[in-house]
Amino acid sequence: MDFYRFSTADDPIALERRMAEVFRLKVQPERGIRGHFLDSFDWRLYGSGRVLEEEGSGRRHRLTLRPLGSAAPLRVVQRAALPRFAADLAEGDPLRADIGASLEIRALLPWIRLSGRRKTISILDEEGKRVLRIDIERLRARSGDGRKDAVLGDWLRLAPVRGYEDWLERLESLLVEVLERHPEPLDPLLAAAAALDLSPGVYSPKLDFRLDPQERAEAAVKRICLGLLETLEVNVAGARADLDSEFLHDLRVATRRARSLLTQVKGVIEPEIAERFKDAFAWVQKITGPTRDMDVYLLAYPGYLKSLPEPVRADLAPLRNFLHSHQRRESKRLARQLGSRRFRNLLLEWRSILEGPLGEPPTAVNAPTPIGELAGARIWRMYRRVRREGRAIGADSPAAQLHELRKSCKKLRYLIEFFRSLYPPEEVGALVSRLKGLLDTLGAFQDCQVQAQQLRAYAEQMVAEGGVPPATLLAMGMLVADLLRRQAEAREGLAQRFSELDGAEGRQRFEALFAPAAPAGAQP
Amino acid sequence: MKILAVYNIKGGVGKTATAVNLAYLYAGVGLRTLVWDLDPQGAASFYFRVKPKIKGGGEKMVQGKRDLDELVKGTDFDNLDLLPADFSYRHMDLVLGEAKKPTLRLLKLLRPLSESYDRVILDCPPSISLVSENVFRAADALVVPMIPTTLSVRTLQQLVAFLHGHDLSYVPVLAFFSMVDRRKRLHLETLAALPVEGVRPLRAYIPYASAVEQMGVHRAPLATFAPGSAAALAYEQLLQEIETAL
């Protein structure tokens, strides 16, 4: 750990005085600092054990990437503008490679604003070379949205120089000698996060519910719905502001899962309420759909470019402009909807139902059933439906039939994921990964088909809006051809994927985990 | 990781100044850069205020008994490290001669650093030896500073002939003039044409400037104490051309 928090404002003064007696120092005058801790909404850099700090203003930003707890930077760069996405950095920018693999399509958010003062002191050796850099800082933190702020106090940052680590040890012993105790080792990122009530690394859209098989179904389902509602809620602000496309994506997935749960596990929540909220969630899917569509095409755009021969790539630019302008328009419309009273009331009302008392006596037929019993029956039924639909599919089956199979597979996956804590993790994990394999193939098939169709529709729309060069339409035609080719490839892989679920071994696994016990006296 | 070797058969042509200033500029754009001071005189180490000494001496290092990683020293600048010189480097030829595959030894030593650095700059001793052959085989390009005189052109021809004779013609030779005095007619005439086959002449040239000599007084790269000077700008242009050539 290279960071320490002083317990009193006198500590840094005493330390500096003593350092001057023992070491040869170069002291730079104290100056004001202003900067940020940057990370994605789900703290991916932090998750990879790294911290990205920015300092500066206007057209000068100094970005330091360092390991958590260490003041020895992995890389330091100066840039004229703060990147919002890794892809905003130039192709060969070394920082892009450093952070891009973690961030992927997520935006960098200014989670924490830092301000304060810093005095930099260098310890020099007999050659006049710096062998240890010491920063004494007085810091204040403010949340990125400006709502909260906190005094962080006085800090010591020790940046060891490679090959001169013994100087760090010398300073650390001096520190204990002066302060008569070891100061608190703590990364300022963590101190700031704690002071501002931020929880780095806690958000995850993944389902992780710990259920007890004897738990009353109504209680378990409400708890799952509440978890989904929380995921939905935390993504609303980012989706409204269109910070990056993942906010809306996670919001939509949480909505779809909630709707699927209400549909698949019937008779647990009072039927009238379940119907009303199924409709409400369908409405949420509807109002978020157009923006998501545009996001999908914009995310696919770099791949489209790569699939085209080099000389044709520039011709595609009008498509990107078309997508951007429509995305902005749809996103503005969406922001209004997500800010509407109807949407806000929907979330409030849903929360009050989920947090309300359980129906006493139960208001739905399956409400008192133990969740272990109900979950297995629902999963088993959906598995049999997937098998039935899959077996009916042949080489010439229409795309719509494959689409239906995909929807059933998704429902099956959601069910298993809601209730996975009721089953042995390894066995259920193996089935989920087979299901994912099939879903990926079905997804590739359908995405290619929908995109090919949609690109043709966009081409017509672009002609209607006017000003699209013929070269762009030709390039889009090449994209369509490529998508149709990839769709055919996906279809070829389908039988193999399906057999992993449908084969005797797959069936046995599903049966062992989920099939209800045969009633006493029944034929095996 | 790209390895650049700053090299000339002749000494006193501004090799170390080139290595140090290029390294500083590379680090400045955010590329993690390592300078390896291969010259037993240790001028690059001197400029970075690092003692020209490595733990265990050069022999153990060349034999692979010590990882280069352990011997690296951080400089006063972000993204910029140094592998210091050692007086024992004057016998490096002998030690290399005893190694297996003696001409590929340096490359082998450098390979483990490929994750840690984006650019490695070798500051090479003058003359043609086993050390320089190692350098040629390790380098992605040779950066050759030369004083604009007839003799310099001749040594460049010798270098190209050597590369050709050792199946090393594929290594790009990026030559440029340094210590150029525009008041000297000979300099101007030599600048006008660099007619050596197998050499990629760079347009940037480093003017003869007292600022460059001041590096020894300041013990620091040029841009830290004379930013915006003609020589500092010339190094920036040089870096651009080298990157384009890479």
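These exercises with solutions concern a predicted model.

**Exercise 1.** Describe the overall make-up of chain A: which elements does chain A have, and what box do its C-alpha atoms fill?

Solution. Begin with the elements: chain A contains 16 helices and 10 strands. Next take the extent along the principal axes, where the C-alpha atoms fill a box of roughly 90 × 65 × 50 Å. Then turn to the contacts in chain A with a separation of 6 or more: 71% of them come from residues 24 or more positions apart.

**Exercise 2.** State how much of chain A is buried and what supplies its exposed area.

Solution. Chain A has 524 residues, and 50% of them count as buried. The area that chain A exposes is about 25100 Å². Carbon and sulfur atoms supply 52% of that area.

**Exercise 3.** Find how many positive and negative side chains chain A has, and how far apart the centres of the two sets lie.

Solution. Count each set: there are 83 positive and 73 negative side chains in chain A. Then compare their centres, which lie 5 Å apart.

**Exercise 4.** Place Leu189(A) in its element, decide whether this residue is buried or exposed, and list what it touches.

Solution. Leu189(A) belongs to helix H5 of chain A, which covers residues 188–195. The cut-off for buried is under 20% relative accessible area. Leu189(A) has 3% relative accessibility, so it counts as buried. Leaving aside residues up to four places away in sequence, Leu189(A) touches Phe37(A), Trp43(A), Tyr46(A), Val51(A), Leu68(A) and Ile112(A). For a distance, take Leu334(A): from Leu189(A) it is 145 residues away in sequence and 34 Å away in space, C-alpha to C-alpha.

**Exercise 5.** Explain why strand S6 of chain A is described as largely enclosed, and say which strand pairs with it.

Solution. Strand S6(A) spans residues 75–79, and 4 of its 5 residues are buried; therefore the strand is largely enclosed by the rest of the structure. Its partner is strand S5 of chain A, residues 60–67, and the two pair in the antiparallel sense over 5 bridges. Within this pairing, Thr64(A) stands opposite Val76(A) of S6(A). As a general point, side chains in a regular strand alternate between the two faces of the sheet.

**Exercise 6.** Say how many disulfides the structure holds, and whether Cys225(A) and Cys124(B) are buried or exposed.

Solution. Over all chains, the structure holds 0 disulfides. Cys225(A) counts as buried because its relative accessibility is 0%. Cys124(B) is buried too, with a relative accessible area of 1%.

Key
Residues are numbered from 1 along each chain as its sequence is written. Chains are lettered from A and ligands numbered from 1 in the order in which they are written. This is a predicted model: local features need pLDDT of at least 70, side-chain atom pairs count only at pLDDT 80 or more; totals for chains, interfaces and linings use all residues. Side-chain values use heavy atoms; hydrogens and water are left out. Helices (H or I, at least four residues) and strands (E, at least two) are DSSP runs, numbered from the N terminus. Buried means under 20% relative accessible area, exposed over 50%, partly exposed in between (1.4 Å probe, protein chains only). Contact means heavy atoms within 4.5 Å. Accessible areas come from the Shrake-Rupley method with a 1.4 Å probe; for residues, only the protein chains shown count as cover. Lys and Arg count as positive and Asp and Glu as negative; His and the chain ends are not counted. The place of a charge is taken as NZ of Lys, CZ of Arg, CG of Asp or CD of Glu. A disulfide is a pair of cysteine sulfur atoms within 2.5 Å. Two strands pair if DSSP finds at least two bridges between them.
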